Amino acid sequence: MLDNINKIIRNRFIIKSGFLNRYEAIKKNPFLSRNEIEEISFNKLRKLLIHCCIYVPYYSKTMKEIGFNPYNFNLNDFKKLPVVNKKIIQANPSDFIDYRYRKCFRNAKSYKNMNFFEILFFILSLNQRIFLDSTTGSTGKPLYFLQNKHSYVNLLLGILRSWKYMGYKKSNKLLLIWQEDLQMHKTSLFLKIMYSMANIEVINFTEFSRKKTKIIITKIKKIRPVYIIGFPSIIYWIGQYILENKEKKLPRIKSIQLIGEQVFYFQKALIEKAFGSKVFFTYGSRELGHIALEDNCHKGLHINEDMVHLELNSKREIIITNFQNFIMPFIRYNTEDIALSKVFFSEHKCKNNFKMIKNVIGRKYDHIATPNNRKIHAFYFLRVLSNKKILQFQLIQRRKDLIDVILYSKQNIEKEIKIIKTKLRKFLGRSIKINIKKLDAPIKSKNKFKYVISNID
Ligand SMILES: [Zn+2]
């Protein structure tokens, strides 16, 4: 049965839908000249804005009010359109949806609740079926948005090209290391078929324990992947185990792509040492897809200029216009992530002509706020809490004057706790209460693991 479904998907979805042709086209885009890239990018932006002017209520209204003409504008005019954010969209989501699909927002089923046949039908259907998607909001409400087949295929094309950046060839095995709770597994049969077609193996990382990590390393030795994709916190954890136990006979892994979480340079260094492979950073989100990616020049992240328009405001917050989703477009959407550099262009041996940014840091919830309104970035805590005896740590701020620090260690860390407390007290001030709790077992995380969680808006 799997073989038959495999054939159906290959025939209907991949060949007839022109997926491969479209992939061949976007594969070339990074290597076009700057003029050609700018032309593609601007034409996509124009097409999106014309669509929004006609079909998306928020933009029909706003463009009229400010006198913006989507048929005739330049990038300076474009900046007159308002910057939106998660809160603005959440307050009135139907205003941001193509009005012909407004009803769908109420009725759309989340793909997470679809069974295998519904997903298969969605993929194979030729009409514009819609499904509801959401971001995993670590604070407050998640953001719900709509996708259709077109935007979903665009997302897949972006993912496929990101693999190319790390040298992916289908004849070599790719290993995905996920956390079991993550939504991707609800559709396991469907994904199994897709994975078997693309020579992909999947390991579910269920918990941060030494026993499980050992099992996973044994599996890696058996699967012998050439590429690995996973969350930095998980791959870092596995890397730590490899180094501590001087694991031998690991396969020669060429590239590791880190996705989904902010990546720190200390993680990159350890992962490269443990696996002996090159690490590739990515930056993106569920609602916007891949935004910027590292390739083999390793000089920064190349912006997917044929998929998004990226601007930085005065605080270097990243503002994205996404060309891929016409059902619920994101235009000048402030991600609240911060770029570590201005947007720049330089030529490298990679010949990739997309502009670049250095790494991205600091989502809003990666800060701790103090009662006197200072914001302290997660980076600071990493420095204070990085200690050989501490295997894992997490800071949770529930109130402005209360922080819980959770430390996982197998050893006696009384002395370390005292030092940490003094350092934190010195930095955070006396008005914050600091609760330090030591665990003998790893910290569990339902969603992506975060070092710093702030429940303060
Ligand atoms: Zn490059």
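How close do the axes of helix 12 and helix 13 come, and at what angle do they cross? Keep in mind that what you're looking at is a predicted model. Helix 12 covers residues 232-244 and helix 13 covers residues 265-275; their axes come within 8 Å and cross at roughly 50°. That angle makes the pair oblique, because anything from 65 to 115 degrees would count as roughly perpendicular and anything under 35 degrees as roughly parallel. The crossing of helix 12 and helix 13 is left-handed.

So who actually does the touching? On the helix 12 side, the contact is made by Pro-232, Ile-235, Tyr-236, Gly-239, Gln-240, Ile-242 and Leu-243. Helix 13 answers with Gln-267, Leu-270, Ile-271, Lys-273, Ala-274 and Phe-275. Sort that contact by class and you get nine nonpolar, three polar and one charged residues.

Step back along the chain to helix 11, residues 210-223. Its 14 residues, at 1.5 Å a residue, should span 20 Å, and the end C-alpha atoms are indeed 20 Å apart, so expectation and model agree. Arg-224 follows helix 11, and its phi is positive, near 50°.

Now for the sheet. Four strands make up an open sheet in the order 10-11-12-14, with antiparallel pairing. Strand 10 (308-312) and strand 14 (360-361) sit at the edges with a single partner strand each, so one side of each has no neighbour in the sheet. Strand 10 pairs with strand 11 (residues 317-322) in the antiparallel sense over five bridges. To find your bearings there, look for His-309, which stands opposite Thr-321 in strand 11.

Technical notes
Residues are numbered from 1 along each chain as its sequence is written. This is a predicted model: local features need pLDDT of at least 70, side-chain atom pairs count only at pLDDT 80 or more; totals for chains, interfaces and linings use all residues. Helices (H or I, at least four residues) and strands (E, at least two) are DSSP runs, numbered from the N terminus. The expected span of a helix is 1.5 Å times one less than its number of residues. Two strands pair if DSSP finds at least two bridges between them. Axes are lines fitted to C-alpha atoms, for helices over the stretch in contact, and angles run from 0 to 180 degrees between N-to-C directions. Angles under 35 degrees count as roughly parallel, over 145 as roughly antiparallel, 65 to 115 as roughly perpendicular and the rest as oblique. A crossing is left-handed if the near helix is turned anticlockwise from the far one by less than a right angle, and right-handed if clockwise. Two residues are in contact if their C-beta atoms, placed from the backbone, lie within 7 Å. Ala, Val, Leu, Ile, Met, Phe, Trp, Tyr, Cys and Pro count as nonpolar, Asp, Glu, Lys and Arg as charged, and the others, Gly among them, as polar.
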